[in-house]
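Thank you for asking me to look over this structure with you. I have set out my remarks as numbered points, so that you can go through them with the model open beside you.

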Amino acid sequence: MNGSNVIDLSRRYVRFYATHIECDFCGELSRGRIYDSMQAVVCGSCGGVWWTFEHSDEWHEEAWDG
Ligand SMILES: [Zn+2]
């Protein structure tokens, strides 16, 4: 099964949170991962997508102002 809400956990990623938080999907503790080709934070245990950066325009506006 290749569900759109689950990603391959073997790919490269960076951790998102400084501390572990509980996953809504599997209940495990994870710091969240952001994978290279994804604009999303996913659970490091089950790969469930916590949320995405689809509306990133706001971030760009902040950067240009600086
Ligand atoms: Zn999970």
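The points below go from the whole chain to the sheet and then to three single residues.

1. Please keep in mind from the start that this is a predicted model. The mean pLDDT of the chain is 81, and 76% of the residues reach a score of at least 70. Confidence is highest in strand E3, residues 29–30, at 97, whereas the lowest mean, 55, belongs to helix H1, which covers residues 57–65, and I would ask you to read that helix with this value in mind.

2. As for the general layout, the chain contains one helix and six strands, and when you follow the sequence from its beginning you meet them in the pattern β-β-β-β-β-β-α. Of its 66 residues, 9% count as buried. Among the contacts with a separation of 6 or more, 19% are made by residues that lie 24 or more positions apart.

3. Four strands make up an open sheet in the order E1-E4-E5-E6, and their pairing is antiparallel. At the edges stand strand E1 (13–15) and strand E6 (49–52), each of which pairs on one side only. On average, neighbouring strands of this sheet are turned by 30 degrees against each other, if direction is ignored.

4. Within this sheet, you can trace the pairing strand by strand. Strand E4, residues 33–35, runs antiparallel to strand E5, residues 40–42, and two bridges join them; here Arg-33 has Val-42 of E5 opposite it. E5 is in turn joined to E6 by three bridges, again in an antiparallel arrangement, and Val-41 has Trp-51 in E6 as its bridge partner.

5. The connection between E5 and E6 deserves a separate look, since these two strands form a hairpin with six residues between them, and Gly-47 in the turn has a positive phi of about 80 degrees. Cys-46 is also found in the loop between E5 and E6. Is Cys-46 buried, exposed or partly exposed? It has 16 other C-beta atoms within 10 Å and is therefore partly exposed, because a residue needs 20 or more to count as buried and 12 or fewer to count as exposed. If neighbours within four places in sequence are left aside, Cys-46 is in contact with Cys-23, Phe-25, Cys-26 and Glu-28. From Ser-30, Cys-46 is 16 residues away in sequence, and their C-alpha atoms are 9.5 Å apart.

6. Ala-40 belongs to strand E5. With 17 other C-beta atoms within 10 Å, Ala-40 is partly exposed. Apart from neighbours within four places in sequence, its contacts are Val-49, Trp-51, Thr-52 and Phe-53. Ala-40 and Trp-51 are eleven residues apart along the chain, while 5.8 Å separates their C-alpha atoms.

7. Tyr-17 makes a useful last case, and its place is in the loop between E1 and strand E2 (21–22). Why does Tyr-17 count as exposed? The reason is that it has 12 C-beta neighbours inside 10 Å, and a residue with 12 or fewer is classed as exposed. Even so, Tyr-17 is in contact with Arg-31 and Gly-32, once neighbours within four places in sequence are set aside. Between Tyr-17 and Arg-33 there are 8.3 Å from C-alpha to C-alpha, with the two residues 16 apart in sequence.

Key
Residues are numbered from 1 along each chain as its sequence is written. This is a predicted model: local features need pLDDT of at least 70, side-chain atom pairs count only at pLDDT 80 or more; totals for chains, interfaces and linings use all residues. Two strands pair if DSSP finds at least two bridges between them. Axes are lines fitted to C-alpha atoms, for helices over the stretch in contact, and angles run from 0 to 180 degrees between N-to-C directions. Two residues are in contact if their C-beta atoms, placed from the backbone, lie within 7 Å. pLDDT is the predictor's confidence in each residue, from 0 to 100.
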